[in-house]
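User: Could you take a close look at one small part of this structure and explain it to me step by step? I am in my first year, so please say what each term stands for.

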Amino acid sequence: MTTYTAFDGHRRIASGSLPRVAEQCKVLLDARPGAQPIIYDDTTGAPRDLDYRGSVDDMLARLDDVPAPEPTRRGPGRPRLGVVAREVTLLPRHWAWLAAQPGGASVALRRLVETASRDEAPADRRRQRREAVDRVMFALAGDLPGYEDASRAFHRDDAAGFAACMADWPADVRDYVALLAARVDAAE
């Protein structure tokens, strides 16, 4: 389950499920209309925009407003499998190799992509987590002293240097960035 964390400036407002965090942001905005809460996805580090108009219930109801998919008509012929045609540019020797594979180029390419995505999944997750730390650290601490040194230490995998560079940051920012950084190498 994806979790979220909201900040108003350098102060953490809430962490948890999107409805819980959104509700806390709405309560803050009702109490302080000038507040500027930002909700971050703890997995990607991306900010999440919400429409806070109306009551808490109105706002929460809009969280689930996802347009329904168009009904599909079934007709004669092969069923749609969600296959998307796109252009692929390869060298002639690559096309020759693909054409010689059982099932042809499309089957071989799908098989190669499936294998690569399965084999590289741990490295991809690690890269995505590092990117999440970068996004959040830049957004919350980009204007704080030691940000650049902290970023360099993080990318060098220098945990002690990273912690030292963040030592004077506001506690909520420091703790959140450290939490996301700790998840980079966490086992799935």
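Analyst:
**Two neighbouring acidic residues**

D41 is found in strand 3, residues 37-41, where strands (E, at least two residues) are DSSP runs numbered from the N terminus. The model is predicted, so that local features need pLDDT of at least 70 and side-chain atom pairs count only at pLDDT 80 or more, while totals for chains, interfaces and linings use all residues. Residues are numbered from 1 along each chain as its sequence is written, and side-chain values use heavy atoms, with hydrogens and water left out.

D41 is buried, that is, under 20% relative accessible area with a 1.4 Å probe and protein chains only. D41 nevertheless has no salt bridge, a term for a side-chain nitrogen of Lys or Arg within 4 Å of a carboxyl oxygen of Asp or Glu. Lys and Arg count as positive and Asp and Glu as negative, with His and the chain ends not counted; for D41 the nearest side chain of opposite charge is R48, 6.4 Å away. The D41 side chain does reach the backbone nitrogen of T44, at 3.2 Å.

D42 has its place in the loop between strand 3 and strand 4, and D42 is likewise buried without a salt bridge, its nearest side chain of opposite charge being R183 at 4.4 Å. If neighbours within four places in sequence are left aside, D42 is in contact (heavy atoms within 4.5 Å) with T3, Y4, T5, Y176, L180 and R183.

Strand 3 and strand 4 pair in the antiparallel sense over two bridges, pairing being counted if DSSP finds at least two bridges, and I39 has R48 of strand 4 as its bridge partner.

Methods: Helix = DSSP H or I, 4+ residues; strand = E, 2+ residues; numbered from the N terminus. Buried < 20%, exposed > 50% of the residue type's maximum accessible area, 1.4 Å probe, protein only. Polar contact = N/O pair within 3.5 Å; in protein donor to acceptor, adjacent residues only side chain to side chain.
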